[in-house]
Amino acid sequence: QLYRGGIMNRATLIGNLTKDPDMRQTQSGVSVCTFTLAVQRRYADQSGEKQADFFNVVCWRGLADNCAKYLVKGSKAGVHGSIQNRSYEDKQGNKRTVTEIIADEVEFLSRKVETQAPAYEEITDNELPF
């Protein structure tokens, strides 16, 4: 079915976080969480290696709080949102443009990495003191 409405800007991505999310608050106290999602391309390059694209994701308010709480480097996540360009001036006065995915929904597709249980040395019955 053809889309006959107004403007459509939707992005759906599944990938892995390249590092832990960055959680901040605006001056007015609104939570904002950013992370980079590595999304593997469907086809390999000429040398047979799979390539990935890296997308900057921005989450706001409660979604930001949950992403900061449950996502870590390596987590697999599904992101639904819109694509947005924004421009800024860097410290050297150069104009920069970034493209970001403004997330409406983030699905946590892997569990949060738990701290590893302490390692125990295995001993045999012959080594027991009793």
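## Starting at Leu 37

Leave out residues up to four places away in sequence, and Leu 37 touches Leu 13, Ile 14, Gly 15, Asn 16, Leu 17, Asp 53, Phe 54, Phe 55, Val 57, Ala 77 and Val 79. A contact here means heavy atoms within 4.5 Å.

A word on what you're looking at: it's a predicted model, so local features need pLDDT of at least 70 and side-chain atom pairs count only at pLDDT 80 or more, while totals for chains, interfaces and linings use all residues. Residues are numbered from 1 along each chain as its sequence is written, and side-chain values use heavy atoms, with hydrogens and water left out.

## The overall layout

The protein has one helix and six strands, and along the sequence they come in the order β-β-β-β-α-β-β. Those elements are DSSP runs numbered from the N terminus: helices are H or I with at least four residues, strands are E with at least two.

Of the 130 residues, 25% are buried. Buried means under 20% relative accessible area, exposed means over 50%, and partly exposed is in between, all with a 1.4 Å probe and protein chains only. The accessible surface comes to about 10,300 Å², and carbon and sulfur atoms own 47% of that. Those areas are from the Shrake-Rupley method with a 1.4 Å probe, and for residues only the protein chains shown count as cover. As for sequence range, take the contacts between residues at least 6 apart: 58% of them join residues at least 24 apart.

## How the strands pair

Strand S6 (residues 95-108) pairs with strand S4 (residues 50-60) in the parallel sense, over three bridges. S6 also pairs with strand S5 (residues 76-89), this time in the antiparallel sense and over 13 bridges. Two strands count as paired if DSSP finds at least two bridges between them.

Glu 100 in S6 is a handy residue to click on. It is the bridge partner of Asn 56, and Glu 100 is the bridge partner of Gln 84 as well. S5 and S6 form a hairpin with five residues between them, and Gly 93 in that turn has a positive phi of about 85°.

## The nonpolar core

The largest nonpolar core holds 17 residues, and the ones touching the most other members are Phe 35, Leu 37, Val 57, Cys 59, Val 79 and Val 106. At least two core residues come from each of strand S1 (11-17), strand S3 (31-44), S4, helix H1 (61-70), S5 and S6. S3 gives the largest share, with four residues. The core is a set of buried Ala, Val, Leu, Ile, Met, Phe, Trp, Tyr and Cys residues joined through side-chain atoms within 4.5 Å.

## Salt bridges

There are five salt bridges in the structure, where a salt bridge is a side-chain nitrogen of Lys or Arg within 4 Å of a carboxyl oxygen of Asp or Glu. One of them joins Asp 53 and Arg 41, at 2.8 Å from N to O. Asp 53 sits in strand S4 and Arg 41 in strand S3, so this pair ties together parts that are 12 residues apart in sequence. Asp 53 is partly exposed at 26% relative accessible area, and Arg 41 is partly exposed too, at 41%.

Asp 22 and Arg 24 make another, with the closest N and O atoms 3.1 Å apart. Asp 22 is partly exposed at 38%, as is Arg 24 at 39%. Then there's Asp 90 with Arg 96, also 3.1 Å from N to O. In this pair Asp 90 counts as buried at 15% relative accessibility, whereas Arg 96 is partly exposed at 40%.

## His 80 and Ser 110

His 80 belongs to strand S5 and counts as buried, with 18% relative accessibility. Its side chain makes a polar contact of 2.9 Å with the side chain of Glu 107. A polar contact is a pair of N or O atoms within 3.5 Å; within protein, one must be able to donate a hydrogen and the other to accept it, and residues adjacent in sequence count only if both atoms are side-chain atoms. Beyond four places in sequence, the contacts of His 80 include Arg 10, Ala 11, Thr 12 and Ile 102.

Ser 110 is in the segment after S6, partly exposed at 29%. What does the Ser 110 side chain reach at 2.9 Å? That would be the backbone nitrogen of Lys 76. Outside its neighbours within four places in sequence, Ser 110 is in contact with Ser 75 and Lys 76. The C-alpha atoms of Ser 110 and Asn 16 are 9.5 Å apart, with their positions 94 residues apart along the chain.
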